[in-house]
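I opened this entry to record what I looked up, one item at a time. The structure comes first, then my notes.

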Amino acid sequence: MASPAQRVCHIGSDPHVAEGLARTHHTLVSRPEDASLIVLSTRGDGLFDAISSLESLIRPGQVVVHTDPRMGAQVLDPLEVRGALCVALGALGDMWCVSAVDELGTTIGTLLASEMGGVSIVVDDADRPLIGRVAAALDTAADAYADARRILLDVTGQEDVAERIISEHLDLVRRGL
């Protein structure tokens, strides 16, 4: 059974979040005032700026989700005091780490993760810094592999060779874990 259709405003540029939201049955809207669910896919200072810009627009009952894996739901406190239901939903691939201030928020986060094609685990806000370290390590690894692939392609001029070397190295890493 699908959740009720929501009007979703996505603020941010995370392609993983945008692709996930596109898989849902919800309607995307461009203005947060028109949304029942606002998803903030920004990190760090960008997240704080987005929260600040929403304070005067939030109305009671709106759901606000942020996707910075390093921060818990408490970062959304300025919106919660205005009546928003706040959820942290940080992605590690298609595994979404959910935390919220109450059970309803946790349920909403879990449902949204599923609708976006992922699975969820509930994490304590106190563990968010550790989840952030995992996300940073995975981002760094992805960037390193992209750089290696680009360099190999520049040096060899052969995409199949670059792909084979990267694939073989990833297999070695997996076996070493």
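I began with what counts as pairing: two strands pair if DSSP finds at least two bridges between them. By that rule β4 and β5 pair, in the parallel sense and over four bridges. The model I am reading is a predicted one.

**Entry 1: confidence**

I looked up the confidence before going further. The protein chain has a mean pLDDT of 93, and 99% of its residues reach 70 or more. I then checked the elements of the chain: β4 has the highest mean pLDDT, 98, and helix α6 (residues 159–176) the lowest, 90.

**Entry 2: the sheet**

In what order do the strands of the open sheet run? I read β2-β1-β3-β4-β5-β6-β7, seven strands with mixed pairing. The edges are held by β2 and β7 (119–122); each has a single partner strand, so one side of each lacks a neighbour in the sheet. On average, neighbouring strands of this sheet are turned by 30° against each other, direction ignored.

I noted two helices against this sheet. Helix α1 (residues 15–22) packs on the sheet and touches β1 (7–12), β2, β3, β5 and β6. The direction of α1 makes about 170° with that of β1. Helix α4 (residues 103–115) also packs on the sheet, where it touches β3, β4 (63–66), β5, β6 and β7. The direction of α4 makes about 40° with that of β5.

**Entry 3: strand β5**

I returned to β5 and looked up its partners. Strands of a sheet pair through backbone hydrogen bonds, either parallel or antiparallel. On the β4 side, where the pairing is parallel, I found histidine 66 opposite alanine 88 of β5. With β6 (residues 95–100), β5 (residues 85–92) pairs in the antiparallel sense over six bridges. There, leucine 92 stands opposite methionine 95 in β6. β5 and β6 form a hairpin, with two residues between them. Glycine 93, in the turn, has a positive phi of about 70°.

Is β5 enclosed or open to the outside? Eight of its eight residues are buried, so β5 is largely enclosed by the rest of the structure. I also sorted its residues by direction. In a regular strand the side chains alternate between the two faces of the sheet. In β5, Leu85, Val87, Leu89 and Ala91 point one way, while Cys86, Ala88, Gly90 and Leu92 point the other way, and all are buried.

**Entry 4: threonine 106**

I picked one residue of α4, threonine 106. Its relative accessible area is 18%; buried means under 20%, so threonine 106 is buried. What does threonine 106 contact, leaving aside its neighbours within four places in sequence? I listed Val98, Ala100 and Val122.

**Entry 5: serine 36**

Next I took a loop residue. Serine 36 lies in the loop between β2 (27–29) and β3 (37–41). The relative accessible area of serine 36 is 15%, under the same 20% cut-off, so this residue is buried too. Not counting residues up to four places away in sequence, serine 36 touches Gln6, Arg7, Arg59, Gly61, Gln62 and Val63.

**Entry 6: salt bridges**

How many salt bridges does a search of the whole structure find? I noted ten. Side chains of opposite charge can pair when their charged atoms come close.

I followed up arginine 31. Its side chain meets that of glutamate 33 in a salt bridge at 3.5 Å, N to O. The side chain of arginine 31 also meets that of aspartate 34, at 2.9 Å, N to O. Arg31, Glu33 and Asp34 are thus recorded as linked in a network of salt bridges. I checked how open they are: arginine 31 is partly exposed at 42%, glutamate 33 is partly exposed at 31%, and aspartate 34 is partly exposed at 34%.

The last pair I looked up was arginine 150 and aspartate 154, whose side chains meet in a salt bridge at 3.9 Å, N to O. Both residues lie in helix α5 (residues 128–156), four residues apart, about one turn of the helix. Arginine 150 is partly exposed, with a relative accessible area of 44%. Aspartate 154 has a relative accessibility of 58%; exposed means over 50%, so aspartate 154 counts as exposed.

Methods. Residues numbered from 1 in each chain as written. Predicted model: local features only at pLDDT ≥ 70, side-chain atom pairs only at ≥ 80, totals over all residues. Heavy atoms only, no water. Buried < 20%, exposed > 50% of the residue type's maximum accessible area, 1.4 Å probe, protein only. Contact = heavy atoms within 4.5 Å. Salt bridge = Lys/Arg side-chain N within 4 Å of Asp/Glu carboxyl O. Axes fitted to C-alpha atoms, helices over the stretch in contact; angles between N-to-C directions. pLDDT = per-residue confidence, 0-100.
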